[in-house]
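This report covers selected charged residues, helices and core packing in one protein model. Please read it beside the sequence and the structure.

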Amino acid sequence: EPADLVEQAKEYLIDTRHTIRLHDLVAQELRRVLLLTSDDGFAVQGTQWSIDEFARRLREYEEITYDLRGVSSCLAYWGAPEHLPILRSIMARLTDRLEPQNGLLIWQSLRWYPVMLLVYSAGISALSSGRYDNLAAILLTQAGSSRYAETRVELALAIGRPMLEITREDAFKQLPGHEKQY
């Protein structure tokens, strides 16, 4: 159950003696998310643009990352300096497989959506607890290369381009009820 994973992470965060257990918990969930967000369910080729397909992908990405967002938010809010490598590994691992591919640009860009969700939720958590060291760890994590950069760059820069591509297409504005949101 979703709450169980978050509760388990909170238990491990209480005492840094449980850092290895926390790492293993996060690694297991991260493997699950990577498997479920693979190109099998989110192909960039062969699927035409439609608002229904866009909405489906958003919903699925949000559902798949729900638990990992909860755990990442806990790490960002309560994490000690000893937990920073775990927080960084979440962000870095999610970008490792986002290398450039042929296909529809909107689908290529949307592959970054799970990363955007985690950066947003963990970033807000770090800010709300005044943990600017955790926020810096999130934003400055080295991200995998993308179609926009041949080398690794800070995550804050890496997610900007895909988000810009999605915004240029006015994709979010095409969702029912979001037409006038900017």
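Arg57 and Glu53 are both buried. The model is predicted. Their side chains meet in a salt bridge, with N and O 2.7 Å apart. Arg57 and Glu53 sit four residues apart in helix H3, so about one helical turn separates them. Salt bridges with shared partners join Glu53, Arg56, Arg57 and Glu60 into one network.

Glu53 also forms a salt bridge with Arg56, where the closest N and O atoms are 2.6 Å apart. These two residues are three places apart in helix H3, so the separation is again about one helical turn. An α-helix has 3.6 residues a turn, so residues three or four places apart point the same way. Burial differs within the Glu53–Arg56 pair. Glu53 has a relative accessible area of 15%, which is under 20% and therefore buried. Arg56 is at 23% relative accessibility and counts as partly exposed.

The structure holds nine salt bridges. Three of them are listed here.

| Salt bridge | Closest N to O distance |
|---|---|
| Glu53 and Arg56 | 2.6 Å |
| Arg57 and Glu53 | 2.7 Å |
| Asp133 and Arg131 | 2.7 Å |

Asp133, the partner of Arg131, is partly exposed at 33% relative accessibility.

**Helix H3**

Does the length of H3 (residues 51-64) agree or disagree with 1.5 Å a residue? The 14 residues of H3 should span 20 Å, and the end C-alpha atoms are 20 Å apart, so the two values agree. The buried residues of H3 are Glu53, Phe54, Ala55, Arg57, Leu58, Tyr61 and Ile64. Their cover includes helix H2 (19-36), helix H4 (66-78), helix H6 (105-110), H7 and helix H10 (160-168).

**Helix H4 and Arg69**

H4 passes the length check as well. Its 13 residues should span 18 Å at 1.5 Å a residue, and its end C-alpha atoms are 18 Å apart. H4 is mostly covered, with 10 of its 13 residues buried. Those residues are Asp67, Leu68, Arg69, Gly70, Val71, Ser72, Ser73, Cys74, Leu75 and Ala76.

Arg69 belongs to helix H4. What does the buried Arg69 have in place of a salt bridge? The nearest side chain of opposite charge is that of Glu62, 6.1 Å away, and Arg69 has no salt bridge. A salt bridge needs a nitrogen and a carboxyl oxygen within 4 Å, so this pair does not qualify. The backbone of Glu62 is another matter. Its oxygen lies 2.7 Å from a polar atom of the Arg69 side chain. Not counting residues up to four places away in sequence, Arg69 touches Glu62, Leu117, Leu118 and Ser121.

**Glu29 in helix H2**

Glu29 is placed in helix H2. The residue is buried, with a relative accessible area of 8%. Beyond residues up to four places away in sequence, Glu29 touches Leu5, Ile64, Asp67 and Leu68. Of these, Ile64 is among the buried residues of H3, and Asp67 and Leu68 are among the buried residues of H4.

**The nonpolar core**

The largest nonpolar core has 52 residues, and Leu22, Leu75 and Leu94 touch the most other members. Helix H7 (residues 113-128) gives this core its largest share, eight residues. Leaving aside neighbours within four places in sequence, Leu94 is in contact with Leu30, Val33, Leu34, Leu68, Val115 and Leu118. Leu118 also touches Arg69. Leu68 also touches Glu29.

Pro114 lies in helix H7. Its relative accessible area is 2%, so Pro114 is buried. Its contacts, leaving aside neighbours within four places in sequence, are Thr37, Tyr61 and Thr65. Tyr61 is one of the buried residues of H3. Pro114 and Ala55 are 59 residues apart along the chain, and their C-alpha atoms are separated by 14 Å.

**A backbone detail**

Where is Asp170? Asp170 is in the segment after H10. The residue has a positive phi of about 55° although it is not a glycine. At 38% relative accessibility, Asp170 counts as partly exposed.

Conventions
Residues numbered from 1 in each chain as written. Predicted model: local features only at pLDDT ≥ 70, side-chain atom pairs only at ≥ 80, totals over all residues. Heavy atoms only, no water. Core = buried A, V, L, I, M, F, W, Y, C linked by side-chain atoms within 4.5 Å. Buried < 20%, exposed > 50% of the residue type's maximum accessible area, 1.4 Å probe, protein only. Contact = heavy atoms within 4.5 Å. Expected span 1.5 Å × (residues − 1). Lys, Arg positive; Asp, Glu negative; His and termini not counted. Polar contact = N/O pair within 3.5 Å; in protein donor to acceptor, adjacent residues only side chain to side chain.
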